[in-house]
Amino acid sequence: MTTKVSAGLLAAALMASVLAGCASSGEKKTGDAAAKTQEVNYNEAVTLTFVSQFADNQEYFNKLYGDRIKKKFPNVTIEFIPRGTGTGIADLVASGKNPDIMYGNLSDIDGFLIDTGLAYDMSDLVKKNNYDLGRFDPVHIDSIRNTNPDGALYGLPMPSSQVQVMFYNKGLFDKFGVPYPKDGMTWDDTYELAKKMTRVDGGQAYRGFSSFIGAILRDNQLSIPYLDPKADQIYNSERWKVLIDNLGRFYQIENNNRDPKKRSQTEEYTTFQKNMNVAMQVNQLTRYLEFPEELNWDMVTIPTFKEAPNVSAQPGAYYWYISQTNKHKDISFAIISYMLSDEIQLDMAKTLGLVPSLKNTSDIFKSIGQDVPQLKGKNIGAVYKYKPAAAPPKRDKSLIGANPNELKKSIEKVFDRVTLDKVDINTALRDASEEMAKAVEQKKANMKK
């Protein structure tokens, strides 16, 4: 499961909020460095084609992005191509219908941007416009640069709702007379609490813990990469063992493991809201949109490792991209700059609950979810209390990477084999390393075509 599903969920659940939020975006100048590009007078009428990595429909795109852009840049005609049968990025490139502006996340940057030949280094535009990259949390800039051996700036980070927190079911803690989880818990603390909350009562099984396994491993708090930066193999297996053993122990608690016949991660992380028999769940913030009204919930900070105190998960941001084939790069950069301005990020934080891509010293973070009914009275501070984990290191210039989505599947397979099939972790990691090496070789072969 990837964050593509989260984007679709956001589109479906937030439409009412968007309708209200877009009308109040305003035209206030922010004074940040990004505003320098906003003042340029672009008189030439241009048409720009937008595409998304996600399954966003036309209405969602217009309300979240298109209408804002049109209001600020009335000379720009926007053509948005929703992803669908025959309109995937590979289809568009094959037909010669190359997009101008794209947006997506890093987990599929290879298939969406780099391998399609559309990647463009925005560094010259940043320099030309004196654009201040220091506005953003540096992990976002490091993350995009580390997707390629040259450290090219292929995109600029958007606000998103992929920050990880730990949700908890207040009703279950009340039922069993156990104190609620709190900010600052370690994984060890959470494990002990999960054991206490996992039980059978009145013939009903209650689980102490569940999680979005793939996101926890991918955006891990220890900044462990899939591939060794210096070799075509898995990164330090001993470090991966730490992550897998830490999360895996929760699934060894009697009555807390998944059904081996139901391996879908969707099955695992939707049980919190569907069955309401799970006490705690580590997941991305966006999941609250699925919670039914009758679920009495709140959230606390993601549990931390003792060796990495006060460190959250990697942020999982989305990015705006300008394509290599774009013939209107200057105005495209101006548009992206405006969409990432303090003004717009504040509006999206307040009305949509999106987490800014800015440094978390910004007061904008205090406005997250202010106008979102589901977040009223919730512990929003848990979203930004900790600094995000650093970006994993990039590969040596002499080496290429591999599609992150394929590498992600290999690690998730290790977790499933160990926790569900009882396979020895060393064997599972060795097999994963071989799969990753093959993924690198496949990318090399594709590059020669």
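## Reading strands, sheets and cores

Colleague: Let's start with strand 5. Are the residues on its two faces buried or exposed?

Modeller: Both faces of strand 5 are covered, with Q164, M166 and Y168 buried on one side and V165, F167 and N169 buried on the other. In a regular strand, side chains alternate between the two faces of the sheet. "Buried" means under 20% relative accessible area, "exposed" means over 50%, and "partly exposed" is in between, using a 1.4 Å probe and protein chains only. Strand 5 covers residues 164–169, and 6 of its 6 residues are buried.

Colleague: What kind of model is this, and how are residues counted?

Modeller: The model is predicted, so to speak of a local feature we need pLDDT of at least 70, and side-chain atom pairs count only at pLDDT 80 or more, while totals for chains, interfaces and linings use all residues. Residues are numbered from 1 along each chain as its sequence is written, and side-chain values use heavy atoms, with hydrogens and water left out.

Colleague: And where do the helix and strand numbers come from?

Modeller: They're DSSP runs numbered from the N terminus: helices are H or I with at least four residues, and strands are E with at least two.

Colleague: Which strands does strand 5 pair with?

Modeller: The general idea is that two strands pair if DSSP finds at least two bridges between them. Strand 5 pairs with strand 8 (residues 278–284) in the antiparallel sense over 5 bridges, and Q164 stands opposite Q284 there. Another 5 bridges join strand 5 to strand 9 (residues 297–301), also running antiparallel. In that pairing, V165 has T301 as its bridge partner.

Colleague: In what order do the 5 strands of that open sheet come?

Modeller: The order is 6-7-8-5-9, and the pairing is mixed. Strand 6 (199–201) and strand 9 are the edge strands, each pairing on one side only. On average, neighbouring strands are turned by 30° against each other, direction ignored. For angles in general, axes are lines fitted to C-alpha atoms, for helices over the stretch in contact, and the values run from 0 to 180 degrees between N-to-C directions.

Colleague: What joins strand 6 to strand 7?

Modeller: 3 bridges join strand 6 to strand 7 (residues 204–211), and the two run antiparallel. One example is V200, whose bridge partner in strand 7 is A205.

Colleague: Which strands does helix 13 lie across?

Modeller: Helix 13 (residues 265–274) lies across strand 5, strand 7 and strand 8, at about 125° to strand 8.

Colleague: Back to T301. Why does T301 count as buried?

Modeller: T301 counts as buried because its relative accessibility is 1%. Contact means heavy atoms within 4.5 Å. Leaving aside neighbours within four places in sequence, T301 is in contact with M166, D183, G184, A382, K385 and Y386. The side chains of T301 and Y386 also make a polar contact at 3.5 Å. A polar contact is a pair of N or O atoms within 3.5 Å; within protein, one must be able to donate a hydrogen and the other to accept it, and residues adjacent in sequence count only if both atoms are side-chain atoms.

Colleague: What order do the strands take in the other open sheet, the one with strand 10?

Modeller: Those 5 strands run 2-1-3-10-4, with mixed pairing. Strand 2 (76–81) and strand 4 are at the edges with a single partner strand each, so one side of each has no neighbour in the sheet. Strand 1 (residues 46–52) is joined to strand 2 by 6 bridges, and they run parallel. V46 stands opposite V76 in strand 2.

Colleague: How do helix 4 and helix 8 lie on the strands?

Modeller: Helix 4 (residues 58–72) lies across strand 1, strand 2, strand 3 (101–105), strand 4 and strand 10, at about 160° to strand 2. Helix 8 lies across strand 4 and strand 10, at about 55° to strand 10. The buried residues of helix 8 (residues 138–145) are V139, H140, I141, S143 and I144.

Colleague: How many residues does the largest nonpolar core have?

Modeller: A nonpolar core is a set of buried Ala, Val, Leu, Ile, Met, Phe, Trp, Tyr and Cys residues joined through side-chain atoms within 4.5 Å. The largest has 79 residues, and those with the most contacts inside it are Y65, L156, Y288, M299, W320, Y321 and M339. Helix 14 gives this core its largest share, 7 residues. A second, separate core of 53 residues includes V178, L227, I400 and A428.

Colleague: How many residues of helix 14 are buried?

Modeller: In helix 14 (residues 329–339), 10 of its 11 residues are buried, including F333 and M339.
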